[in-house]
Amino acid sequence: RLQSALDEAQEFLQQNNANLGARVGELESQINTLRGRLEEAEHLRNQLNEEILLLRSELQILAGTGEE
């Protein structure tokens with residue numbers, strides 16, 4: 001009877017461990033995906049900042065010449 005209970009507990013723990021391992025793997029994959037998306041967003045933000053700076057300097061040049 002005790003051995004049966006121990007066997008059941010061991011089986012439960014093994015299954016639980018396998019489920020936990022799979023879940024950790026899924027979370028690691030999601031983290032990697034989010035990191036990639038963050039890098040893309042940062043790159044896009046940097047490009048947009050560069051474009052804004054260029055447009056501002058072009059506007060300053062146009063304002064200085066009186067052109068519109």
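Is Ala9 buried, partly exposed or exposed? The model examined here is predicted. In it, Ala9 has a relative accessibility of 37% and therefore counts as partly exposed. Ala9 has its place in helix H1. Its C-alpha atom lies 61 Å from that of Glu50, a residue 41 positions away along the chain.

The secondary structure is quickly described. The chain holds one helix and zero strands. Helix H1 covers residues 2–65. The C-alpha trace spans about 95 × 10 × 10 Å along its principal axes. The radius of gyration is 29 Å, whereas a compact globule of 68 residues would have a value near 11 Å.

Accessibility was examined next. Buried residues account for 0% of the 68 residues in the chain. Burial would require a relative accessible area under 20%. The exposed surface of the chain comes to about 6600 Å². Carbon and sulfur atoms supply 55% of that surface.

Leu54 is another residue of helix H1. Its relative accessible area is 49%, so Leu54 is partly exposed. The cut-off for an exposed residue is over 50%. Between Leu54 and Arg23 there are 47 Å in space, C-alpha to C-alpha, and the two residues are 31 apart in sequence.

Charged side chains were then considered. The chain carries 6 positive and 13 negative side chains. The centres of these two sets are 9 Å apart. Side chains of opposite charge can pair when their charged atoms come close. The salt-bridge count for the model is one. The partners are Arg23 and Glu26, with 3.1 Å between the closest N and O atoms. The cut-off applied to such a pair is 4 Å, so the contact between Arg23 and Glu26 qualifies.

The position of the pair in the helix was also examined. Arg23 and Glu26 both belong to helix H1 and are three residues apart, so about one helical turn separates them. Glu26 has 43% relative accessibility and therefore counts as partly exposed. Arg23, at 40%, also counts as partly exposed. Neither partner is buried, because burial means under 20% relative accessible area.

In summary, the predicted model contains one helix and zero strands. Its buried fraction is 0%, and its one salt bridge joins Glu26 to Arg23.

Technical notes. Residues are numbered from 1 along each chain as its sequence is written. This is a predicted model: local features need pLDDT of at least 70, side-chain atom pairs count only at pLDDT 80 or more; totals for chains, interfaces and linings use all residues. Side-chain values use heavy atoms; hydrogens and water are left out. A salt bridge is a side-chain nitrogen of Lys or Arg within 4 Å of a carboxyl oxygen of Asp or Glu. Helices (H or I, at least four residues) and strands (E, at least two) are DSSP runs, numbered from the N terminus. Buried means under 20% relative accessible area, exposed over 50%, partly exposed in between (1.4 Å probe, protein chains only). The radius of gyration is taken over C-alpha atoms; the globule rule is 2.2 Å times the number of residues to the power 0.38. Accessible areas come from the Shrake-Rupley method with a 1.4 Å probe; for residues, only the protein chains shown count as cover. Lys and Arg count as positive and Asp and Glu as negative; His and the chain ends are not counted. The place of a charge is taken as NZ of Lys, CZ of Arg, CG of Asp or CD of Glu.
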